[in-house]
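Subject: Structure handover

Hello,

Here is the structure we discussed handing over. Please look through it before reading my notes underneath.

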Amino acid sequence: MAELLAEWNSFYVIVGPAAGALIGLQFVVMTLIVDRPPTAAASAAFATPTIVHFGAALLLSALLCAPWQTIGITATFWGFIGLSGIIYSVIVTRHMRTQTFYRPEFEDWLFYAVLPLATYIIIVLSALAAPCYAREALFGVGAAALMLLFIGIRNAWDSVVYHVLVGRRGKEPERHSN
């Protein structure tokens with residue numbers, strides 16, 4: 001079993017630092033939009049989940065790079081991450097429904113609620129499958145870690161674009177007639 005985990009080491013050595021770097025970049029983005037911060041409810045629905053997904057990808061990467069002797073212990077931990085993510089996804093969905101800063105569109109529901117929930121479900125299912133189907137479970141959790149990374153990238157980009165476009169409204173330069 002340790003050999004199976006070792007085969008994934010380079011994958012997680014790439015995914016983990018990418019998630020960590022993107023967490024840092026998200027902090028930079030938040031400082032750039034400090035003059036137009038979202039409400040606390042909107043932040044809980046749209047900003048914080050991005051950090052949580054990057055953090056989950058980073059945690060999964062660190063967990064799966066550790067020198068475990070059996071996959072069972074690792075699967076238990078990643079199953080806990082998946083279960084926590086499912087609960088968190090439900091909370092984010094509730095925040096999306098109750099916040100009044102922004103009216104979510106289809107893409108928002110897809111990338112902030114549906115895909116993260118599906119990804120965390122994949123993590124839990126992979127953890128449950130790990131004792132009998134270790135190789136397949138590792139592909140499942142690897143795909144989920146990558147999905148969390150790409151969901152976070154998309155959501156970070158969406159936030160930046162939204163704040164840049166909304167921030168520019170009302171700040172158009174005055175037009176002078178000659």
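The notes below cover one helix, the nonpolar cores and the cysteines.

This is a predicted model.

Helix α5 runs over residues 106–129, which makes 24 residues. From first C-alpha to last, α5 spans 32 Å, close to the expected 34 Å. There is a kink of about 30 degrees at V114, shortly before the proline P116. P116 is itself one of the buried residues of α5. The others are D108, Y112, A113, T119, Y120, I123, V124, S126 and A127, so the buried set includes D108, T119 and S126 under the cut-off of 20% relative accessible area.

The largest nonpolar core has 26 residues, and those touching the most other members are L60, W78, I123, V141 and L148. Two or more residues come from each of α2 (9–32), α3 (40–65), α4 (71–98), α5 and α6 (134–168). The largest share, eight residues, belongs to α6.

I123 ties several of these names together: leaving out residues up to four places away in sequence, I123 touches L60, W78, G82, V141, A144 and L148. A second core, separate from this one, has seven residues, among them Y88, V92, M96 and Y102.

On the cysteines: the structure holds zero disulfides. C65 is partly exposed, at a relative accessible area of 30%. C132 is exposed, at 65%. A core member has to be buried, under 20% relative accessible area, so neither C65 nor C132 can belong to a nonpolar core.

Regards

Terms used
Residues are numbered from 1 along each chain as its sequence is written. This is a predicted model: local features need pLDDT of at least 70, side-chain atom pairs count only at pLDDT 80 or more; totals for chains, interfaces and linings use all residues. Side-chain values use heavy atoms; hydrogens and water are left out. Helices (H or I, at least four residues) and strands (E, at least two) are DSSP runs, numbered from the N terminus. The expected span of a helix is 1.5 Å times one less than its number of residues. The bend at a residue is the angle between axes fitted to the seven residues ending there and the seven starting there. Buried means under 20% relative accessible area, exposed over 50%, partly exposed in between (1.4 Å probe, protein chains only). A nonpolar core is a set of buried Ala, Val, Leu, Ile, Met, Phe, Trp, Tyr and Cys residues joined through side-chain atoms within 4.5 Å. Contact means heavy atoms within 4.5 Å. A disulfide is a pair of cysteine sulfur atoms within 2.5 Å.
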